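Student: I am new to this structure. Could you take me through the ligands and the cysteines?

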Amino acid sequence: MIESILDKSVLQFEDIVQLLDCNILDAKKLYEHAAQIKKQYVQDKVYFRGLIEFSNFCSKDCLYCGIRKSNTKILRYNLSDEEIIDAAVFAYNSNYASIVIQSGEISNPVFSRRISNLLDKIHQKTNNNLRITLSCGEQSNEIYQDWYNAGANRYLLRIETTNKDLYYKIHPNDKHHSFEKRINCLYDLKNIGYQTGTGVMIGLPFQTIEHLAKDLLWMQEFDVDMVGMGPYIEHEDTPLYEFKQHLLPLEERFDLSLKMIAILRIMMKNINIAAATSLQTIDKMGREKGIKVGANVIMPNITPGGYRKHYKLYDNKPCIDENADDCKPCLEMRIALIGNEIAYNEWGDSSHFEHRFKNESE
Ligand code: SAM
Ligand code: SF4
């Protein structure tokens with residue numbers, strides 16, 4: 001009986017596996033329960049984070065990602081400082097209150113200084129009134145600290161999977177792709193004081209629901225503040241494409257992603273959960289469905305239109321030929337349709353982080 005699982009105050013591994021494996025009727029009950037918890041703990045609000053994909057240069061070779069270093073078929077780009085600042089100002093003027101600055105992974109002093117300068121300039125141009133999330137991969141503790149000091153408040157670094165064997169099936173097994181390093185980076189970020197975000201891909205080849213259940217328990221144990229997770233979608237010019245025949249059908253990856261969001265909302269009631277863009281690749285209303293079952297963050301793409309098609313992580317990535325402004329009215333309409341409200345002009349800090357921070361400083 002799904003009701004008896006949903007009534008529990010703490011979900012165990014077996015409970016989570018059952019929820020991930022439940023049928024459509026039970027999934028509906030799961031979603032309704034998660035939606036109630038969302039309403040009670042974080043309200044029916046959606047926070048926008050304007051996403052600036054500022055460069056697709058990357059030194060890594062993750063086997064699933066379309067902008068991996070060895071993909072020679074893509075055109076590499078790097079937005080100018082001015083273009084990045086203009087996009088940040090666009091978000092500010094559109095009352096988004098937060099942005100995410102994302103790129104491939106580059107680690108060198110020129111890159112790190114550039115990010116620090118950009119943080120400084122963006123804060124100047126937006127009256128210190130914009131929350132900035134970085135998502136620029138694995139860096140040293142010192143660099144994370146420098147960026148924090150320069151005004152980055154949040155950091156997103158998906159663990160991708162918490163199963164080490166699976167990790168090395170989807171990454172090269174070499175010193176540039178270390179599972180331990182990724183975990184250590186997450187601890188560094190948390191210790192520095194970032195609102196720390198992570199996440200996994202759902203429906204990877206060789207992934208089981210037991211892996212996913214353990215991913216959720218890991219996030220709970222790590223005490224994460226924010227999560228962004230969504231379906232894995234294949235890209236034909238990546239090595240993982242070879243295992244296409246092992247994949248669940250897209251609809252099943254989508255349903256599993258909704259279940260993951262709903263279960264996480266039940267397990268971690270006051271964190272921020274983003275409805276990933278890859279949900280929208282499978283279903284036009286995918287992100288809104290994610291919001292309905294427990295997510296409370298959407299990251300509208302505000303990268304200047306011409307560059308978007310070159311930040312192609314997977315096949316059929318949506319919104320690649322739109323201008324930043326085009327996304328706003330269509331999102332507003334869709335979010336209103338599911339009875340949620342866009343929290344314009346609110347930073348939408350993770351309330352989990354605020355509680356954690358208060359408890360730690362007491
Ligand atoms: N380079 C940074 C990093 O890896 O943390 C940030 C940018 S990376 C493109 C952002 C996320 O894209 C990754 O964490 C990964 O989960 C997701 N991603 C990459 N390829 C994907 C795919 N084929 N399907 C779904 N998500 C993908
Ligand atoms: Fe680079 Fe991030 Fe893609 Fe890995 S997931 S190849 S680090 S952009």
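Student: Which polar backbone atom owner is 2.7 Å from a nitrogen atom of ligand 1?
Tutor: Keep in mind that this model is predicted. A nitrogen atom of ligand 1 has a polar backbone atom 2.7 Å away. The residue that holds this backbone atom is Ile-233.

Student: How much of ligand 1 does the protein bury?
Tutor: Start with ligand 1 taken alone, which exposes 560 Å². Of that area, the protein buries 92%.

Student: Which residues come nearest to ligand 1?
Tutor: There are 19 residues around ligand 1. By class, ten are nonpolar, five polar and four charged. The nearest of the 19 are Tyr-64, Arg-158, Glu-160, Arg-182 and Ile-233.

Student: How far is an oxygen atom of ligand 1 from an N or O atom in the side chain of Glu-160?
Tutor: Two side chains can be set beside each other here. For Arg-182, an N or O atom of the side chain is 3.0 Å from an oxygen atom of ligand 1. For Glu-160, the distance from a side-chain N or O atom to an oxygen atom of the ligand is 2.6 Å.

Student: Where does ligand 2 sit?
Tutor: Look first at what surrounds ligand 2: Cys-58, Lys-60, Cys-62, Tyr-64, Cys-65, Ile-67, Arg-68 and Gly-104. Five residues of this shell are nonpolar, one is polar and two are charged. The space taken by ligand 1 is the largest cavity. Ligand 2 also sits in the largest cavity.

Student: How many disulfides are there?
Tutor: A disulfide needs two cysteine sulfur atoms within 2.5 Å. Take Cys-136: the nearest cysteine sulfur, that of Cys-58, is 11 Å away, and Cys-136 is in no disulfide. Over the structure, the count of disulfides is zero.

Student: Is Cys-136 buried or exposed?
Tutor: A residue counts as buried under 20% relative accessible area. Cys-136 has 0% relative accessibility, so Cys-136 is buried.

Student: What is the relative accessible area of Cys-22?
Tutor: Apply the cut-off of 20% again. Cys-22 falls under that cut-off, so Cys-22 is buried. The relative accessible area of Cys-22 is 12%.

Note on methods: Residues numbered from 1 in each chain as written. Chains lettered and ligands numbered in written order. Predicted model: local features only at pLDDT ≥ 70, side-chain atom pairs only at ≥ 80, totals over all residues. Heavy atoms only, no water. Buried < 20%, exposed > 50% of the residue type's maximum accessible area, 1.4 Å probe, protein only. Near = heavy atom within 4 Å. Polar contact = N/O pair within 3.5 Å; in protein donor to acceptor, adjacent residues only side chain to side chain. Areas by Shrake-Rupley, 256 points an atom, 1.4 Å probe, with all protein chains shown as cover. 1 Å grid on protein atoms, 1.4 Å probe; cavity = no way out; pocket = protein on both sides within 12 Å on 5 of 7 lines; lining within 4 Å. Sits in = over half its atoms within 2 Å of the grid points. Nonpolar A, V, L, I, M, F, W, Y, C, P; charged D, E, K, R; others polar.
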